[in-house]
Amino acid sequence: MDFLLLVYAFLILYPLFVLWRGIDRKRDRECYILDYECYKPTDDRKLDTEFSGKVIMRSKQLGLNEYKFLLKAIVSSGIGEQTYGPRIMFKGQEENPSLQDSVSEMEEFFHDSIEKLLARSGISPREIDVLVVNVSMLSSVPSLAARIINHYKLREDVKLFNLSGMGCSASLISVDIVQNVFKSCKNVYALVVTSESLSPNWYSGNDRSMILANCLFRSGGCAILLTNKRALKHRAMFKLKCLVRTHHGARDESYNCCLQREDEQGRLGFHLGKSLPKAATRALVDNLREITPKILPVRELLRFMVVSFIRKYWSHRSTKGVVSPKPVINFKTGVDHFCIHTGGKAVIDGIGVNLDLTEYDLEPARMTLHRFGNTSASSLWYVLGYLEAKKRLKRGDRVLMMSFGAGFKCNSCLWEVVRDLDADNVWKDCIDSYPPKSLANPFMEKFGWINNEDPSTFVMR
């Protein structure tokens, strides 16, 4: 009898033990953001209208038609006068960069943001278990990650990942790497460092598809501290709910729309093709198709299915050819805030249309583009900083991040806010002035005379 009781107890308790163990392991695999620090360069690196004009006009390869093209691009870009550039531009040496210029640009960011992040978090560099660095267009030897290890004297067994060539979507790829490391390692800290080096990537030719990048990209960066330590979850800012990566590199049109190459004169630059909007839309649609069931409530998914079915049914039955409006998924049923990559005004507008977002939803991305420009992979974190500085992030809110990158890639993830957030960040000195009454920049006012010039008699003033 006692033996049977033991058997029955085992049959009952063992499945419960297995279930508890599985839940316990899952809790150790959670990915939390403890803190993050966006980089704010010094004021002597600000690119105002007058200085930006000087930089463009000292290029010997540009003519009147190129000036008109660039003026139209920058006026409609949504970028303001408070953005930052690399020091090499202020030295007038952007066409002749050295390796030291590129490395110094990155080290200035590393030493500022990482030190601030670790000091505020109370974490010693020796406690870092995982380091992921993504800088797409600079590959040095030793790697940039190795330079961080040397400067901060990280441990010999630190897990190191140095990413290049991943483009503007690289920071979410870095988070995905950390998330996967967390699945096999308990109680660890991870440091993600995301930026872009502009010093070696100024295009000095006149190919319109390549000079556009000179107008859009600006200096910036972010350091993010993550952990899967269960004991620290109450200190955390965000908890990762899901992450989806979409890659269309197998499609030639998508692959070739955004890449680094040389022009006909052999000048290296970054090409942005006319097929870029189409490639971005296609990647976005495929990414949303996968992440939507993971982030939206069942009732919204059912509503969309029913409305789609009814629309399809009545379109077949209709003899007058009348087509009802296309049903739209309401993403706000599962998402409270949107962090959109600041690739440009057209990118923000396009996502707004596809997701049926309001100007309030798009405000963080538009203001980030205006204040800091397109800072490549780090731009998402400036958008997140805007939401925090505006005190919009409350416990339980869900934040959707979306980014695009060369390849062509679309990556997205959903974060849950763990606690109410209202700390000072990179926006603290200017948040009260945003949003401004107008996002118009003064380029047309200062350089509009270029549109009235005659190519046959044009002389740069």
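This is a short tour of the sheet, the helices, the empty spaces and a few unusual backbone spots of the structure above.

**Before you start**

The model is predicted, so local features need pLDDT of at least 70 and side-chain atom pairs count only at pLDDT 80 or more, while totals for chains, interfaces and linings use all residues. Residues are numbered from 1 along each chain as its sequence is written, and side-chain values use heavy atoms, with hydrogens and water left out.

Element names follow DSSP runs numbered from the N terminus: helices are H or I with at least four residues, and strands are E with at least two.

**Stop 1: the sheet**

Switch to a cartoon view and find the open sheet of 9 strands, ordered E3-E2-E4-E5-E1-E6-E11-E10-E9 with mixed pairing. Two strands pair here if DSSP finds at least two bridges between them. Now colour E3 (159-163) and E9 (337-340): these strands stand at the edges with a single partner strand each, so one side of each has no neighbour in the sheet. On average, neighbouring strands of this sheet are turned by 20 degrees against each other, direction ignored. Strands of a sheet pair through backbone hydrogen bonds, either parallel or antiparallel.

For a closer look, select residues 398-405 (E10) and 409-417 (E11), an antiparallel couple joined by 8 bridges. Click on Met401 and then on its bridge partner in E11, Cys413.

**Stop 2: helices across the sheet**

Next, select residues 170-182. This is helix H7, which lies across E2 (130-135), E3, E4 (189-195), E5 (221-227), E6 (238-247), E10 and E11. Contact means heavy atoms within 4.5 Å. H7 runs at about 115 degrees to E6; axes are lines fitted to C-alpha atoms, for helices over the stretch in contact, and angles run from 0 to 180 degrees between N-to-C directions. Then add residues 276-295, helix H10, which lies across E6, E10 and E11 and runs at about 140 degrees to E6.

**Stop 3: a helix pair**

Select H12 (residues 345-354) together with H13 (residues 359-372). They pack at an angle of about 175 degrees, with their axes 10 Å apart. That makes H12 roughly antiparallel to H13, a label for angles over 145 degrees. Show side chains for Lys345, Ile348, Asp349 and Gly352 of H12, and for Leu362, Ala365, Arg366 and Leu369 of H13, which make the contact. By class, the contact has 4 nonpolar, 1 polar and 3 charged residues. In this scheme Ala, Val, Leu, Ile, Met, Phe, Trp, Tyr, Cys and Pro count as nonpolar, Asp, Glu, Lys and Arg as charged, and the others, Gly among them, as polar.

**Stop 4: the largest pocket**

Keep H12 in view: with 6 residues, H12 gives the most to the lining of the largest pocket. On a 1 Å grid over the protein atoms alone, a pocket is an open set of points with protein on both sides within 12 Å along at least five of seven lines, whereas a cavity is a set where a 1.4 Å probe fits but cannot get out; lining residues have an atom within 4 Å of a point. The pocket's volume is about 1100 Å³, where volume is the space filled by probe spheres set on the points, and grid points are joined across faces, edges and corners.

Centre the view on Leu216, Leu272, Leu276, Gly343 and Val347, which lie nearest the pocket's centre among 44 lining residues. By class, the lining has 21 nonpolar, 18 polar and 5 charged residues.

**Stop 5: enclosed space**

The whole structure holds 4 cavities of 30 Å³ or more. The largest has a volume of about 480 Å³. Select Ile56, Trp202, Asn214, Cys215 and Arg218, the closest to its centre of the 29 residues that line it. Helix H2 (49-57) supplies at least two residues; in fact its 5 residues are the largest share of this lining. The lining divides into 21 nonpolar, 5 polar and 3 charged residues.

The second largest cavity holds about 50 Å³ of space, and its lining includes Ile56, Trp202 and Asn214.

**Stop 6: backbone spots**

Most residues other than glycine have a negative phi, and most peptide bonds are trans. Zoom to the Val141 to Pro142 peptide bond, which is cis with omega near -5 degrees; Pro142 sits in the loop between E2 and helix H6 (144-152). Another cis bond runs from Tyr434 to Pro435, with omega near 0 degrees. Finally, Lys153, in the loop between H6 and E3, has a positive phi of about 55 degrees.

Technical notes:
Angles under 35 degrees count as roughly parallel, over 145 as roughly antiparallel, 65 to 115 as roughly perpendicular and the rest as oblique.
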